[in-house]
Structures are given as C-alpha cells and as structure tokens.
2 protein chains.
Amino acid sequence: MRATVLVRPKQGILDPQAQAVENSLRQLGYAVHGARIGRVVDLELESDDPAGARVQLQEMCDRLLANPLIESYEIELHGGT
Amino acid sequence: MRATVLVRPKQGILDPQAQAVENSLRQLGYAVHGARIGRVVDLELESDDPAGARVQLQEMCDRLLANPLIESYEIELHGGT
C-alpha cells in the first residue's frame, strides 16, 4: 500500500526557507504570500490494511519522520497494492 | 486562492535522504520500501481565477520552485480565497 506523508512546520514556527522563496517569487513579479515549506515523504508499506497502515504511519511520524514539537503531519493512503 | 505544490525527485534520480530514512524505518521494525522525499510548498495567491493561478504556478515551478532536470511537480488548488 502506497502512502504519502506531508510534514509541515506548525503555525507560529518561523520558516526562513519559505520566507526566502516568497521574497524571490515576489521579486519575480508574483503576488504571493503566506508561503510555508515542508516535506513530502512517499512510502510503500507491506501492510494491506488501511487502518493498520495508518496507525503504523502515525507511529513512524512521531518517532522519525516529523518533529512533533514544531511540525504537524498529514497522512494520505493510496488504495491497492 | 490557496495552492499546494508537491516537488519530488524524478524516477531514476538518486535520493540518499530517502534511502537513509528508509533504512532507519526498517531498523525500527517497519516493513517499508520505495521511499522518496520531496518538498511541499504552500502558497496563497492573490489571483481568484483557477486557470490563471495554475498557469502562474507552473511558471513559478519552472523558474524557482523545482529543478525541472531532476524534479517533477504536482499542483493542487484549494477553492475559495
């Protein structure tokens, strides 16, 4: 089962990389604001059970993929193997 | 209009960060493979027109957000302003 995890900085956490990107985009003439940059992690799990896969992914996020102090995460499961 | 851009390494491009994450997950006991790591960029655009916003975002990706030689991107628009 294929999964996508989106890890983003929590609201209120400074995001200097996004600030730099936003400044560059504005200099290029694009009217943008509120930029935030996070990570996207794609994984293939051996489990076929969506509920079990989701529990496993939450554990992986808490233990390794995200820093729960400053990042939030979102899990998307893509059906079938 | 809020937009999310997912930037991922193209197939065949080495992704050592993902390899390291995959190895660590396996050492923690998770049966995963095929890990890939990219970036997620959230932006607020001033445009209200979805078609125009998409064209602008494609331009931003080609010019700044992604490296088209080694990365592919996916644009998601979230309705409303």
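These are my notebook entries on what I looked up in a predicted model.

**Ground rules**

The model is predicted, so I kept in mind that local features need pLDDT of at least 70 and side-chain atom pairs count only at pLDDT 80 or more, while totals for chains, interfaces and linings use all residues. Residues are numbered from 1 along each chain as its sequence is written, chains are lettered from A and ligands numbered from 1 in the order in which they are written, and side-chain values use heavy atoms, with hydrogens and water left out.

**Entry: helix α1 of chain A**

I began with α1(A), taking helices as DSSP runs of H or I with at least four residues and strands as runs of E with at least two, numbered from the N terminus. This helix has twelve residues and reaches 16 Å from its first C-alpha to its last, close to the 16 Å expected at 1.5 Å a residue, where the expected span is 1.5 Å times one less than the number of residues.

Which residues of α1(A) are buried? I found Ala18(A), Val21(A), Glu22(A) and Leu25(A), with buried meaning under 20% relative accessible area, exposed over 50% and partly exposed in between, for a 1.4 Å probe and protein chains only. They cover an arc of only 100° around the axis, which puts them on the same side of α1(A); the arc is that of the directions from the helix axis to the C-beta atoms. On the other side of α1(A), I noted that Pro16(A) and Gln27(A) are exposed.

The cover over the buried residues of α1(A) includes β2 of chain A, together with β2 and α2 of chain B, where contact means heavy atoms within 4.5 Å. After α1(A) comes Gly29(A), whose phi is positive, near 105°.

**Entry: helix α2 in both chains**

I then turned to α2 of chain A, residues 50-65, which spans only 19 Å between its end C-alpha atoms, whereas a straight helix of 16 residues would span 22 Å. Its buried residues are Ala53(A), Leu57(A), Met60(A), Cys61(A) and Leu65(A). Seen down the axis of α2(A), these fall within an arc of 100°, so they line one face of the helix. They pack against β1, β2 and β3 of chain A, and against α1 and β2 of chain B.

In chain B, helix α2 (residues 50-65) spans only 19 Å, against the 22 Å of a straight helix of 16 residues. Here Ala53(B), Leu57(B), Met60(B), Cys61(B) and Leu65(B) are buried. They cover an arc of only 100° around the axis, which puts them on the same side of α2(B). Their packing partners are α1 and β2 of chain A, with β1, β2 and β3 of chain B.

**Entry: Leu57(B) and the cysteines**

I looked at Leu57(B), in helix α2 of chain B, and found it buried, with a relative accessible area of 0%. What does Leu57(B) contact, leaving aside its neighbours within four places in sequence? The contacts are Ala3(B), Val5(B), Leu43(B), Leu45(B), Ile75(B) and Leu77(B). Of Leu57(B) and Val5(B), I noted that they are 52 residues apart in sequence and 8.2 Å apart in space, C-alpha to C-alpha.

Next I checked the cysteines: Cys61(A) is buried at 0% relative accessibility, and Cys61(B) is buried at 0% as well. Counting a disulfide as a pair of cysteine sulfur atoms within 2.5 Å, I arrived at zero disulfides over all chains.

**Entry: single residues outside the helices**

Met1(B), in the segment before β1 of chain B, counts as buried at 6% relative accessibility. Ser47(B) lies in the loop between β2 and α2 of chain B and counts as partly exposed at 24%. Not counting residues up to four places away in sequence, Ser47(B) touches Met1(B) and Ala53(B). The C-alpha atoms of Ser47(B) and Arg26(B), 21 residues apart along the chain, are separated by 44 Å.

In chain A, I looked up Gly79(A), which is in the segment after β3 and is exposed, with a relative accessible area of 70%.
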